[in-house]
Amino acid sequence: MTIPTRPDVSVSVDVAAPVEHVFDVFTRQMPTWWDPDHHLLDDVVAMDVELRPGGTVTEVDAAGNRCTIARVIAVDPPARFAFTWDVSPRWEVEPDPARCSEVHVAFTALDDRNTRVVLEHRHLERHGTGWEGMHAAVGGTDGWAVDLRRLAGVAGG
Amino acid sequence: MATDIAGFAALADPTRREIFERVAARPSSVGELAAGLPVSRPAVSQHLRVLKDARLVADEAVGTRRVYRADPEGLAMLREYLALFWRRSLDTLASVAEETSHDHPDAT
């Protein structure tokens, strides 16, 4: 494993859709673009997003089990959405807020029909032991890049 | 040699070894593996990545699924690495036997 040069990851994608639509799909239709293998629960049927600072992002599976994986930091439609990343390097829910990183997503209209999404996963070092593995996972080809590509397909398709 | 050691290091983790054994028994997707283990899908993915880097598993796209299977390449490297020591042991045994027979020509 290569040692990360900095603890932040930045991934972007251009989506062939208006910025309001892309923001909406990102925040309200998460299960449509979130890679199924990136969920902590199996068979996730919904992701409950409380769109307000302090709200939570919760996976819900077919049996009704719930798993909160994030807390909302900022909601500024259609330009910005930010949330904590409450997942440990062992890929379980991280109960200690001091050991959670942050995901900041910026939505910028390139024109009336095209949007650039820039996702920055910041402060990954906060996860402590094993954070480099988390960095490699979210920043690698199987990480956020997969989810954003799916987002572009769903929102721009 | 580094790759040989990566294989042994990859198998040192009990959960990863369990995943490897399951994949070796039957090619599986991340979801199938996670369903039978007390770890999440992303955790399984990360273990598979380490196993893949060590050439112990290979993956291929089957429709929309990604299926993981054991990679004979990495296993062969591990076997060859161990065989090296086995050969050395036999060589040592042979030389010891020769020396012993030289020292004690009457011994059978």
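The following exercises, each with a worked solution, concern the predicted model shown above.

Residues are numbered from 1 along each chain as its sequence is written, while chains are lettered from A and ligands numbered from 1 in the order in which they are written. Since the model is predicted, local features are given at pLDDT of at least 70 and side-chain atom pairs at pLDDT 80 or more, whereas totals for chains, interfaces and linings use all residues.

**Exercise 1. Overall form of chain A**

Determine how many helices and strands chain A has, and compare its radius of gyration with the value for a compact globule.

Step 1. Counting DSSP runs (helices are H or I runs of at least four residues, strands E runs of at least two, numbered from the N terminus), one finds 4 helices and 7 strands in chain A. Along the sequence they follow the pattern β-α-α-β-β-β-β-β-β-α-α.

Step 2. The radius of gyration, taken over C-alpha atoms, is set against a rule of 2.2 Å times the number of residues to the power 0.38. For 157 residues this rule puts a compact globule near 15 Å, and the 15 Å of chain A agrees with that. Along the principal axes, the C-alpha atoms of chain A fill a box of roughly 45 × 40 × 25 Å.

Step 3. A residue is buried if 20 or more other C-beta atoms, placed from the backbone, lie within 10 Å of its own, exposed if 12 or fewer do, and partly exposed in between. Of the 157 residues of chain A, 32% count as buried.

**Exercise 2. The nonpolar core**

Identify the residues that touch the most other members of the largest nonpolar core, and list the contacts of Leu151(A).

Step 1. A nonpolar core is a set of buried Ala, Val, Leu, Ile, Met, Phe, Trp, Tyr and Cys residues joined through C-beta atoms within 7 Å. In the largest such core, which has 51 residues, Val15(A), Val22(A), Val117(A), Leu151(A) and Leu51(B) touch the most other members.

Step 2. Contact is defined by C-beta atoms, placed from the backbone, that lie within 7 Å. Leaving out residues up to four places away in sequence, Leu151(A) touches Val13(A), Val15(A), Val25(A), Phe26(A), Trp33(A) and Val117(A).

**Exercise 3. One face of a helix**

Explain why the buried residues of H3(A) line one face of the helix, and state what they pack against.

Step 1. Helix H3 of chain A covers residues 131-139, and its buried residues are Met134(A), His135(A), Ala137(A) and Val138(A). Seen down the axis of H3(A), these residues fall within an arc of 170°, so they line one face of the helix; the arc is that of the directions from the helix axis to the C-beta atoms.

Step 2. An α-helix has 3.6 residues a turn, so residues three or four places apart point the same way.

Step 3. The buried residues of H3(A) pack against strand E1 (9-15), strand E7 (114-122) and helix H4 (144-156) of chain A, together with helix H4 (41-53) of chain B.

**Exercise 4. A loop residue and a distant partner**

Decide whether Leu124(A) is buried or exposed, and find its separation from Pro7(A) in sequence and in space.

Step 1. Leu124(A) lies in the loop between E7 and H3 of chain A, and it is buried, because 24 other C-beta atoms lie within 10 Å.

Step 2. Leu124(A) and Pro7(A) are 117 residues apart in sequence, yet their C-alpha atoms are 5.4 Å apart in space. Besides Pro7(A), and not counting residues up to four places away in sequence, Leu124(A) touches residues including Val9(A), Ser101(A), Met134(A) and His135(A).

**Exercise 5. A hairpin and its cis peptide bond**

Describe how E4(A) and E5(A) pair, and locate the cis peptide bond relative to these strands.

Step 1. Two strands pair if DSSP finds at least two bridges between them. E4(A) and E5(A) pair in the antiparallel sense over 4 bridges and form a hairpin with 3 residues between them; Val75(A) has Phe81(A) in E5(A) as its bridge partner.

Step 2. The peptide bond from Pro77(A) to Pro78(A) is cis, with omega near -5°, and Pro78(A) lies in the loop between strand E4 (66-76) and strand E5 (80-85).

Step 3. E5(A) is also joined to E6(A), in an antiparallel arrangement, by 6 bridges, and here Thr84(A) stands opposite Glu102(A).

Terms used:
Two residues are in contact if their C-beta atoms, placed from the backbone, lie within 7 Å.
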